[in-house]
Amino acid sequence: MLELRHVTKKFGNNTVLHDINLKVHNGEVVVIIGPSGSGKSTLIRHMNLLEQPTSGKVLFQDKIISGSISKKAQQRVHENIGMVFQHFDLFPHFTVRQNISYAPRVVKHLSKSQTDRQSTELLKEMDLENKADAYPDQLSGGQQQRIAIIRSLAMNPKVMLFDEPTSALDPEMVEEVLKSMKKLAKSGMTMVVVTHEMGFAQEVGSRVVFVDRGHILEQGTPDEIFHHAKHERTKNFISKILYT
Amino acid sequence: MFSNYSFITEYWPLFMHGLVTTIELAVISIVLGLLLGIALAVMKMSKSNLLSLIAKTYIGFIRNTPLLVQIYIVYIGLPQLLGFSVNDFVTGIVALTLYSGAYIAEIIRSGIQSLPVGQTEAAESLGIPSYRILLNIILPQAFKNILPALGNQLIGNVKDSSLVSVLGITDIMFAAQTVRGSTALGLEPMIIASALYLVICLILNQILALFERRMRHDA
């Protein structure tokens with residue numbers, strides 16, 4: 001469904017990604033792990049046009065989406081690939097409902113009654129229905145991030161990207177966000193998740209990808225990566241993050 | 001020297017007319033300057049090098065030349081450019097708009113750049129068209145941050161508008177000059193003029209403070 005083909009990314013003289021090849025199949029939950037600064041975020045940002053590869057290609061549903069593509073093609077990518085960010089990035093001057101409904105209204109031209117119904121339904125699923133008229137700064141970080149997930153889901157995407165969705169949260173709020181993500185994974189959503197939550201990776205990941213210094217060092221099932229890693233660096237990273 | 005204010009009764013209507021004109025000049029030029037400023041700010045930040053260069057050059061020119069010179073350039077240049085003569089009031093508005101637009105552009109640019117880049121990225125990733133990101137997501141937030149600076153610019157426009165009296169626009173300054181000419185009084189008309197400017201600016205300051213407080217309470 002999503003594919004990075006020989007993607008290399010340089011910022012100036014600094015090569016952040018080296019010849020990355022990665023395929024995400026329909027229904028998969030691909031979890032990307034690795035040390036800070038290894039290029040995980042840059043990698044996932046290539047999947048929805050926030051970064052352009054210096055060389056190589058990005059494909060969505062077998063069509064090239066990197067390089068200069070038409071407005072219409074960009075639109076198709078944005079409508080089908082949702083993204084959740086580390087800092088939620090809700091629109092602070094919109095209420096929760098407006099945050100959720102704005103894109104479906106202006107991009108998909110749904111009517112107000114349609115988006116109202118949809119946002120109520122999504123909020124109910126996340127147990128946030130009483131927050132519809134609140135402003136983001138009246139909500140906890142965990143609630144904000146779940147609203148951000150709903151905001152993306154309201155566009156009915158085929159793939160959801162998560163870029164360290166729990167890294168900016170207080171520890172007691174991490175769980176509620178992970179729970180929402182697990183629910184989403186169970187519903188069959190194709191997901192790519194950059195995270196340091198190894199529990200999530202083990203439990204939900206259909207594949208775990210270890211990125212180190214801009215390379216995909218190895219990938220496999222959670223069991224293969226967490227218990228039978230081939231590379232010393234992978235083992236080191238995992239033991240460090242699991243047992244400290 | 002400070003006792004002879006009997007001219008006031010006779011010339012009060014002239015001063016009041018001037019007061020209205022000054023307010024009109026300031027308000028119209030700030031509104032048009034805001035539109036010009038938004039356009040210039042967007043151009044300056046645009047990915048197109050040409051647009052960015054045009055905006056940069058324009059802003060640099062305005063900021064580094066005196067307003068009085070700019071007023072004369074518009075006064076002489078605008079009719080030549082258009083091919084017909086232009087009413088003095090319009091000339092004054094054009095000059096003040098061109099002037100304040102450059103400053104407002106810088107205010108808006110700093111307001112936009114102070115927002116987290118995540119706002120744009122989140123909106124882009126939802127497929128929201130870029131003009132809507134600017135109008136509905138970025139500008140409303142930026143505007144809230146820059147309101148104090150815009151208020152200062154409005155007050156600046158009130159005071160700077162005194163310079164367009166050289167064109168014969170009957171603003172406060174023009175009224176004061178007229179009284180000086182016809183009464184041979186030196187200081188007193190200027191004292192009245194400064195009092196009127198002071199009153200406008202103090203009232204504006206109060207209104208702006210009220211606005212800011214209200215904005216802070218919202219959301």
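Tutor: A salt bridge is a side-chain nitrogen of Lys or Arg within 4 Å of a carboxyl oxygen of Asp or Glu. The structure discussed here is a predicted model.

Student: How far apart are the closest N and O atoms of Arg146(A) and Glu176(A)?

Tutor: Arg146(A) can supply the nitrogen and Glu176(A) the carboxyl oxygen that the rule asks for, with a limit of 4 Å. The two residues do form a salt bridge, and their closest N and O atoms are apart by 2.5 Å.

Student: Which helices hold Arg146(A) and Glu176(A), and how many residues apart in sequence are the parts that the pair ties together?

Tutor: Arg146(A) belongs to helix H5 (residues 141-153) of chain A, while Glu176(A) belongs to helix H6 (residues 171-186) of chain A. The pair therefore ties together parts whose separation in sequence is 30 residues.

Student: Is Arg146(A) buried or exposed?

Tutor: A residue counts as buried when its relative accessible area is under 20%. Arg146(A) has 11% relative accessibility, so this residue is buried. Its partner Glu176(A), with a relative accessible area of 26%, is partly exposed. The class of Arg146(A) is thus buried.

Student: In which helix do Lys112(A) and Asp116(A) lie?

Tutor: These residues form a salt bridge, with the closest N and O atoms 3.0 Å apart. They are 4 residues apart, about one turn of the helix. Lys112(A) is partly exposed at a relative accessible area of 49%, and Asp116(A) is partly exposed at 23%. Both residues lie in chain A, in helix H4 (residues 112-125).

Student: Which residue forms a salt bridge with Glu51(A)?

Tutor: The closest N and O atoms of this pair are 3.8 Å apart. Glu51(A) lies in the loop between helix H1 (40-45) and strand E4 (55-60) of chain A, and its partner in strand E1 (residues 2-11), so the pair ties together parts that are 42 residues apart in sequence. Glu51(A) is buried, with a relative accessible area of 13%, and the partner is buried at 9%. That partner is Lys9(A).

Student: What residue of chain B meets Arg45(A) in a salt bridge?

Tutor: The count between chain B and chain A is 1 salt bridge. In this pair the N to O distance is 2.8 Å. Salt bridges that share partners join Lys9(A), Arg45(A), Glu51(A) and Glu121(B) into one network. The residue of chain B that meets Arg45(A) is Glu121(B).

Student: Which helix gives the most to the side of chain B that touches chain A?

Tutor: The contact takes 17 residues from chain B and 23 residues from chain A, and the area buried between the chains is about 1,700 Å². There are also 6 residue pairs in polar contact across the interface. Helix H5 (117-125) and helix H6 (130-160) of chain B each supply at least two residues of this side. The one that gives the most, with 7 residues, is H5(B).

Student: Which side chain is joined to that of Asp212(A) by a polar contact of 2.4 Å?

Tutor: Asp212(A) is placed in strand E9 (residues 207-212) of chain A. With a relative accessible area of 5%, Asp212(A) is buried. Residues that Asp212(A) touches include Pro35(A), Ser38(A) and Leu217(A). The polar contact of 2.4 Å joins Asp212(A) to Arg233(A).

Key:
Residues are numbered from 1 along each chain as its sequence is written. Chains are lettered from A and ligands numbered from 1 in the order in which they are written. This is a predicted model: local features need pLDDT of at least 70, side-chain atom pairs count only at pLDDT 80 or more; totals for chains, interfaces and linings use all residues. Side-chain values use heavy atoms; hydrogens and water are left out. Contact means heavy atoms within 4.5 Å. Buried area is the accessible area (1.4 Å probe) that two parts lose on being put together, summed over both. A polar contact is a pair of N or O atoms within 3.5 Å; within protein, one must be able to donate a hydrogen and the other to accept it, and residues adjacent in sequence count only if both atoms are side-chain atoms. Buried means under 20% relative accessible area, exposed over 50%, partly exposed in between (1.4 Å probe, protein chains only). Lists of a residue's contacts leave out its neighbours within four places in sequence.
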